[in-house]
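Me: I'd like a close look at one part of this protein, the sheet and whatever packs on it. Could you walk me through it once the model is up?

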Amino acid sequence: MKMRNDELLTWWKSMAEKSAGKDAWRLVVQTKTLKAGAFYSNDGRPGLVIFSGTDFKPKKPRYASLKIISVDRGVDGILLVVELLNDDLKEIFSVICARILYEADSWNNSDGAEFLRRELSKWTELLRKGNTGMTEEVERGLFCELTVLEEAIQKRSPLEAIEAWCGPDEDSQDFHFNECSVEVKALFQQAGKLKISSLDQLDCNGPLFLAVVDLTKSEMGIHLQDKVNEVSDLLRDYPAQLVEFMEKLAKVGYSEFFKTVGSDNRYQITKLAWYDASVEGFPSIVRSRVSLGILDASYTITVPAMLPFAAESPL
């Protein structure tokens with residue numbers, strides 16, 4: 001049995017109403033080697049519990065927003081309790097806990113302390129990356145990628161869409177589906193031209209589509225965080241994909257944990273146009289067709305030059 005992050009939030013809320021000043025916990029994972037579950041403390045702190053054969057001795061970094069307690073239960077081993085100290089982080093903490101419980105299902109030994117240390121260290125490193133924040137250019141690019149991701153989730157499936165999204169991994173293109181790749185570009189404030197940053201960006205062995213998102217600042221628009229919430233809502237019933245989505249967001253500097261969720265800018269999309277960038281004659285400079293002596297290059301394409309290569313959405 002696994003617990004989604006929204007189920008965790010609901011259970012914590014229920015315990016807040018029913019616990020009457022007592023600790024409460026619910027077993028979620030029980031394998032031959034490990035037991036783990038959700039927890040709610042007598043003083044109103046959400047968390048999780050892990051039964052371990054060894055004690056938890058945290059290594060640096062310390063977890064400023066977490067309290068970790070070890071309870072010796074004799075022959076039953078040690079009960080490790082992780083409590084959240086900052087209630088403002090409950091949403092992201094629920095995602096982290098859901099992922100830890102998901103991973104617990106496949107942990108193959110009774111050293112729950114080592115399992116907990118590994119999982120917390122992994123999230124600490126990921127969230128530290130998110131602490132760097134984003135430039136406005138990165139913010140706009142992410143907004144456009146999420147627009148395409150949202151469409152892919154709706155037209156394909158959450159599993160296929162999240163797996164295909166590789167923009168945060170700094171791949172040459174932003175999406176790799178089985179039958180094609182997609183590169184997403186923001187056309188900001190009707191600039192009329194696109195910047196291609198490398199020889200690899202429009203170079204692909206198979207079909208490659210360019211998604212051009214006309215984006216403008218507008219009081220009628222939405223914040224980046226609103227766009228993230230729209231995508232998250234589509235993944236509520238898919239906990240593994242929701243966690244992977246949060247992990248990828250952190251890689252580009254988006255983190256609710258560190259409150260790096262973008263600027264106050266509101267963006268409005270006026271058009272999403274598709275172009276077949278793999279057709280002969282498309283205006284591009286790609287590594288596979290330039291001299292070996294050219295190591296790298298960036299260039300600019302005008303929108304009118306791409307119009308003959310307009311295509312239907314491949315999603």
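To start us off, which residue in β3 does Gly37 stand opposite?

Reply: Gly37 stands opposite Val49 in β3. A word on the ground rules before going further. This is a predicted model, in which local features need pLDDT of at least 70 and side-chain atom pairs count only at pLDDT 80 or more, while totals for chains, interfaces and linings use all residues. Residues are numbered from 1 along each chain as its sequence is written, and side-chain values use heavy atoms, with hydrogens and water left out.

For the wider setting, the protein has eight helices and 12 strands; helices (H or I, at least four residues) and strands (E, at least two) are DSSP runs, numbered from the N terminus. Of its 315 residues, 47% count as buried, where buried means under 20% relative accessible area, exposed over 50%, and partly exposed in between (1.4 Å probe, protein chains only).

Now to the sheet. Five strands form an open sheet in the order β1-β2-β3-β5-β4, with antiparallel pairing; two strands pair if DSSP finds at least two bridges between them. β1 and β4 (66-72) stand at the edges, each with a single partner strand, so one side of each is left without a neighbour in the sheet. From one strand to the next, the twist averages 20°. As for how such angles are taken, axes are lines fitted to C-alpha atoms, for helices over the stretch in contact, and angles run from 0 to 180 degrees between N-to-C directions.

Let's step across from the β1 edge. Strand β1 (residues 24-30) is joined to strand β2 (residues 35-40) by six bridges, the two running antiparallel, and Ala24 stands opposite Tyr40 in β2. These two strands form a hairpin with four residues between them. β2 then pairs with β3 in the antiparallel sense over six bridges, and your Gly37 and Val49 stand opposite each other here. The hairpin of β2 and β3 has five residues between the strands, and Gly44 takes a positive phi near 85° there.

One β2 residue to click on is Lys35. Lys35 is partly exposed, with a relative accessible area of 31%. Leaving aside residues up to four places away in sequence, Lys35 touches Leu27, Val29, Gln30, Val49, Ile50 and Phe51; contact means heavy atoms within 4.5 Å.

On the other side of the order comes β5: six bridges join strand β3 (residues 46-52) to strand β5 (residues 78-84), again antiparallel. In β5, Phe51 has Leu79 as its bridge partner, and Gly47 has Glu83.

Two helices complete the picture of this part. Helix α1 (residues 5-18) lies across β1, β2 and β3, running at about 50° to β2. Helix α2 (residues 90-104) packs on the sheet as well, touching β1, β2, β3, β4 and β5, and its direction makes about 20° with that of β3.

Finally, have a look at how β3 is covered. Seven of its seven residues are buried. In a regular strand the side chains alternate between the two faces of the sheet. Both faces of β3 are covered: Pro46, Leu48, Ile50 and Ser52 are buried on one side, and Gly47, Val49 and Phe51 are buried on the other.
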